[in-house]
Amino acid sequence: MKKIFDNFWQRFGDVDEQTMALRTLKLKADADLSEITRSYRTLASRHHPDRGGDNETFINIRRAYELLRQEVA
């Protein structure tokens with residue numbers, strides 16, 4: 001029974017992370033890899049610390065991109 005609950009919470013957490021990643025990159029749930037990449041590049045260039053952006057924001061954008069890229073691939 002514990003295994004069933006663990007699997008549920010793991011999947012629930014994955015959905016929540018994916019939703020947050022989509023929000024971070026300002027994408028809809030049905031975004032494909034090209035849309036994900038385009039949004040990442042736009043936001044990353046805008047928020048990159050070398051260009052005056054916030055380091056934490058840039059890290060969140062990068063994490064969102066990596067998560068969504070794995071989900072789509």
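Reader: Let's start with helix 2. How many residues does helix 2 have, and what span from its first C-alpha to its last does it reach?

Author: Happy to begin there. Helix 2 has 15 residues, and from its first C-alpha to its last it reaches 21 Å, close to the 21 Å expected at 1.5 Å a residue. Do keep in mind that this is a predicted model.

Reader: Thanks. Which residues of helix 2 are buried?

Author: A residue is called buried when its relative accessible area is under 20%. In helix 2 the buried residues are Ile 36, Thr 37, Ser 39, Tyr 40, Leu 43 and Ala 44. Around the axis they cover an arc of only 165°, so they sit on the same side of helix 2.

Reader: And which exposed residues does the face turned away from the buried side of helix 2 carry?

Author: That face carries Arg 38 and Arg 41, both exposed.

Reader: Let me try the same reading on helix 3. Which residues are buried in helix 3, and where are they when seen down its axis?

Author: Good choice. The buried residues of helix 3 are Phe 58, Ile 61, Ala 64, Tyr 65 and Leu 68. Viewed down the axis of helix 3, its buried residues fall within an arc of 125°, and therefore they line one face of the helix. On the other side of helix 3, Arg 63 and Gln 70 are exposed. As for length, helix 3 has 18 residues and its first and last C-alpha atoms are 26 Å apart, close to the 26 Å expected at 1.5 Å a residue.

Reader: Now for the aromatic rings. What describes a pair of aromatic rings?

Author: A pair is described by two quantities, the distance of the centres and the angle of the planes. In this structure the count comes to one aromatic pair. The ring centres of Tyr 40 and Tyr 65 are 4.2 Å apart and the planes are at 15°, so the pair is stacked.

Reader: Which parts of the chain does this pair link?

Author: The pair links distant parts of the chain: Tyr 40 lies in helix 2 (residues 33-47) and Tyr 65 in helix 3 (residues 55-72), 25 residues apart. Tyr 40 and Tyr 65 are buried.

Reader: Turning to charged groups, how many salt bridges does the structure hold?

Author: To find one, look for a side-chain nitrogen of Lys or Arg within 4 Å of a carboxyl oxygen of Asp or Glu. The structure holds one salt bridge. Arg 62 forms it with Glu 66, and their closest N and O atoms are 2.7 Å apart. Both Arg 62 and Glu 66 lie in helix 3, four residues apart, about one turn of the helix.

Reader: Why does Arg 62 count as partly exposed?

Author: Arg 62 counts as partly exposed because its relative accessibility is 31%. Glu 66 is partly exposed as well, with a relative accessible area of 29%.

Reader: What about helix 1, where Thr 19 is found?

Author: Helix 1 covers residues 2-24, Thr 19 among them. At 29% relative accessibility, Thr 19 counts as partly exposed. Thr 19 and Ala 29 are 10 residues apart in sequence, and their C-alpha atoms are 7.8 Å apart in space.

Reader: Finally, the whole chain. What does the secondary structure come to?

Author: The protein has three helices and zero strands, so to speak α-α-α from the N terminus on. Buried residues make up 22% of its 73 residues. The protein exposes about 5,700 Å², and carbon and sulfur atoms supply 51% of that area. Among contacts between residues at least 6 apart in sequence, 48% join residues at least 24 apart.

Terms used. Residues numbered from 1 in each chain as written. Predicted model: local features only at pLDDT ≥ 70, side-chain atom pairs only at ≥ 80, totals over all residues. Heavy atoms only, no water. Helix = DSSP H or I, 4+ residues; strand = E, 2+ residues; numbered from the N terminus. Buried < 20%, exposed > 50% of the residue type's maximum accessible area, 1.4 Å probe, protein only. Contact = heavy atoms within 4.5 Å. Areas by Shrake-Rupley, 256 points an atom, 1.4 Å probe, with all protein chains shown as cover. Phe/Tyr/Trp six-rings, centres within 6.5 Å; stacked < 30°, edge-to-face > 60°. Expected span 1.5 Å × (residues − 1). Arc of directions from axis to C-beta.
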